[in-house]
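Grab a pencil and try these short exercises before reading the solutions. You'll want the sequence and the 3D view side by side.

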Amino acid sequence: MNTTEKIYATKKEFLYALKFPNEDVIKDTSEKKLRLYYLKRAMRLGNILKNKVRIYFRDSKNRIIFIHTTVWAVTKNDVVLKKGVTIPIKRIVHVD
């Protein structure tokens with residue numbers, strides 16, 4: 001993630017309005033594994049302690065957007081947030 005890019009904040013209620021291409025934003029296999037590790041960790045923190053994390057992702061306009069939220073589930077293709085809102089894993093750049 002380039003730190004000089006503008007980063008936009010959003011809320012889960014507005015994720016429905018965003019479009020996500022199918023292309024993965026991470027090319028390196030080891031970085032993809034690390035991303036999945038952090039997503040599963042965020043899910044455990046969310047389910048056990050109700051902790052929130054920041055998820056940084058790219059939309060169809062290639063903007064970096066972040067959301068501060070609780071991760072309820074991680075599926076093969078998506079991260080599931082409260083009320084069934086999802087973000088495609090392929091579009092996630094960073095989790096902290």
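Here are three exercises with worked solutions, all based on a predicted model.

**Exercise 1.** Work out whether Lys 61 is buried or exposed, and where it lies.

*Solution.* Start with the location: Lys 61 lies in the loop between strand S2 (53–58) and strand S3 (64–69). Next, check the relative accessible area, which is 62% for Lys 61. Exposed means over 50%, so Lys 61 counts as exposed. Now look at Phe 20: the two residues are 41 apart in sequence, yet their C-alpha atoms are 8.7 Å apart in space.

**Exercise 2.** Lay out the sheet that contains S4, S5 and S6, and find which strands stand at its edges.

*Solution.* First, the order: the 3 strands run S4-S5-S6 in an open sheet, with antiparallel pairing. Strand S4 (71–74) and strand S6 (86–88) each have a single partner strand, so they stand at the edges, with one side lacking a neighbour in the sheet. On average, neighbouring strands here are turned by 25° against each other, direction ignored. Then zoom in on S5 (residues 78–81), joined to S6 by 3 bridges; Asp 78 stands opposite Pro 88 in S6. Finally, add helix H1 (residues 29–49), which packs on the sheet and touches S4 and S5, its direction making about 135° with that of S4.

**Exercise 3.** Which residues join Tyr 38 in a nonpolar surface patch?

*Solution.* Find Tyr 38 in helix H1. Its relative accessibility is 35%, so Tyr 38 counts as partly exposed. Its patch partners are Leu 34 and Tyr 37, and together the three have about 300 Å² of accessible area.

Technical notes:
Residues are numbered from 1 along each chain as its sequence is written. This is a predicted model: local features need pLDDT of at least 70, side-chain atom pairs count only at pLDDT 80 or more; totals for chains, interfaces and linings use all residues. Side-chain values use heavy atoms; hydrogens and water are left out. Helices (H or I, at least four residues) and strands (E, at least two) are DSSP runs, numbered from the N terminus. Buried means under 20% relative accessible area, exposed over 50%, partly exposed in between (1.4 Å probe, protein chains only). Two strands pair if DSSP finds at least two bridges between them. Axes are lines fitted to C-alpha atoms, for helices over the stretch in contact, and angles run from 0 to 180 degrees between N-to-C directions. Contact means heavy atoms within 4.5 Å. Patches are made of residues with over 30% relative accessible area and no salt bridge: like charges are joined within 9 Å, nonpolar side chains (Val, Leu, Ile, Met, Phe, Trp, Tyr) within 5 Å. Accessible areas come from the Shrake-Rupley method with a 1.4 Å probe; for residues, only the protein chains shown count as cover. A salt bridge is a side-chain nitrogen of Lys or Arg within 4 Å of a carboxyl oxygen of Asp or Glu.
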